[in-house]
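Thanks for coming. I will go through one structure this morning, part by part, and you can follow along on the screen.

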Amino acid sequence: MPALDHLTREAFPRSSKYDAKWLVDLDMGPHPLWLLEDLATDLELRPGMRVLDLGSGLGATSVFLAREYGVHVIAADLWVDPTAAAGVFRKEGVDDQVLPMRVDAHALPFGRGSFDAIVSIDAWEYFGTGDHYPPYLATFLKPGGQLGIATPALTTEVRELGEIPDHIDRVVGAETAAWHTADWLRSQWEFSRAFTAVTARNQVDACANWLLWERAVMELKGQPTSPVQSMLEADGGAFVTFALVTGRVA
């Protein structure tokens, strides 16, 4: 049976409304809407809020935030041309709610307390794992504001394992050092003292969800497999997961 036939997930009813081909055209990794919809259950997103989508890629998550939650979004990414992202937002009819910007995550051009919420989907591992970063980002939240991330994670810290599992090392390499456990991320955020409350959990069936999506992407691209697909098949959820982490400031 074609992989696309399996993409409707009861756990993600909002995401199921979005065309898989559209998402593949914007593809930069795991299914971003499954991650965002799951993460959003741990956040309080209300119409009219100002939200920073940090590491927004080609814009699928920003479209989802604007449509599903009625928020106003700054779609910030270092590597994606804002003109290309603006074309996506215009075509999807959310250009009055979403503003694309080219932004360095370590030099954000915003004032203190600029946002009601900041979200980052499948990007945190590239810029956010340093101990200084969560409290830095917290300064851009309004009182009571929320930070939420969905990031590739491991079930056991690499430093506890003593090595990177071979099937992961072949694909991710040394960058696996930035894939932490949900408990590690919770402790890091709590020790930063930037947040009054922190939650952290692994997404249920995260590895299986990612594999399902990767197979569908390969099918739509007319390719038999990919290194990521092989990694996920070899892992079977033993090590690879996604951590969903949130924090609220005072």
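**The pocket, the sheet and the salt bridges**

I start with the lining of the largest pocket, where helix 3 (60-69), strand 2 (72-77), helix 5 (124-127), helix 8 (166-172), helix 10 (206-221) and helix 11 (227-235) each contribute at least two residues. Before going further, note that this is a predicted model.

Which helix gives the largest share of that lining? Helix 10 does, with 5 residues. In total, 44 residues line the largest pocket. By class they divide into 28 nonpolar, 8 polar and 8 charged residues. The space in the largest pocket comes to about 900 Å³. If you want to centre your view on it, the lining residues nearest the centre are M28, D122, A123, E125 and Y126.

One of those, D122, deserves a second look. D122 sits in the loop between strand 4 and helix 5. Its phi is positive, about 55 degrees, and D122 is not a glycine. As background, most residues other than glycine have a negative phi. Is D122 buried or exposed? The relative accessibility of D122 is 17%, and the cut-off for buried is under 20%, so D122 counts as buried.

There is another residue of this kind, R193. R193 is not a glycine either, and has a positive phi of about 60 degrees. R193 belongs to the loop between helix 9 (182-192) and strand 6. Here the surroundings are another matter: R193 has a relative accessible area of 78% and is exposed. So we have a positive phi at a buried position, D122, and a positive phi at an exposed one, R193.

Now the sheet. What is the order of its strands? The sheet is open, has 7 strands, and runs 3-2-1-4-5-7-6 with mixed pairing. Why do strand 3 (98-102) and strand 6 (197-202) each have one side without a neighbour in the sheet? They stand at the edges and each has a single partner strand, so one side is left free of a neighbour. On average, neighbouring strands of this sheet are turned by 15 degrees against each other, with direction ignored.

Further in, strand 1 (residues 50-54) pairs with strand 4 (residues 115-121). That pairing is parallel and has 3 bridges. To find it on the screen, take V51 and look for its bridge partner in strand 4, which is A117.

On to the salt bridges, of which there are 12. I have picked out a few.

R201 and D42 form a salt bridge through their side chains, 2.8 Å from N to O. How far apart in the chain are R201 and D42? They are 159 residues apart, with R201 in strand 6 and D42 in the loop between helix 2 (32-40) and strand 1. Strand 6, as I said, is an edge strand of the sheet. Both partners count as partly exposed, R201 with a relative accessible area of 25% and D42 at 30% relative accessibility.

While we are at helix 2, its 9 residues are buried, 9 of 9. Those buried residues include W34, along with the charged pair E37 and D38.

The next salt bridge joins E92 and R67, whose closest N and O atoms are 2.7 Å apart. E92 is in the loop between helix 4 (82-91) and strand 3, while R67 is in helix 3, so the pair ties together parts 25 residues apart in sequence. Here the two ends differ in accessibility: E92, at 18%, counts as buried, whereas R67, at 40%, counts as partly exposed.

The third pair is R215 and E233, where the closest N and O atoms are 3.2 Å apart. R215 is in helix 10 and E233 in helix 11, 18 residues apart. Both of those helices also supply residues to the lining of the largest pocket. R215 is partly exposed at 36% relative accessibility, and E233 is partly exposed with a relative accessible area of 39%.

Last, there is a network: R14, K17 and E68 are joined by salt bridges that share partners.

That is what I have, and I will take questions now.

Terms used:
Residues are numbered from 1 along each chain as its sequence is written. This is a predicted model: local features need pLDDT of at least 70, side-chain atom pairs count only at pLDDT 80 or more; totals for chains, interfaces and linings use all residues. Side-chain values use heavy atoms; hydrogens and water are left out. On a 1 Å grid over the protein atoms alone, a cavity is a set of points where a 1.4 Å probe fits but cannot get out, and a pocket is an open set with protein on both sides within 12 Å along at least five of seven lines; lining residues have an atom within 4 Å of a point. Grid points are joined across faces, edges and corners, and a volume is the space filled by probe spheres set on the points. Helices (H or I, at least four residues) and strands (E, at least two) are DSSP runs, numbered from the N terminus. Two strands pair if DSSP finds at least two bridges between them. Axes are lines fitted to C-alpha atoms, for helices over the stretch in contact, and angles run from 0 to 180 degrees between N-to-C directions. A salt bridge is a side-chain nitrogen of Lys or Arg within 4 Å of a carboxyl oxygen of Asp or Glu. Buried means under 20% relative accessible area, exposed over 50%, partly exposed in between (1.4 Å probe, protein chains only).
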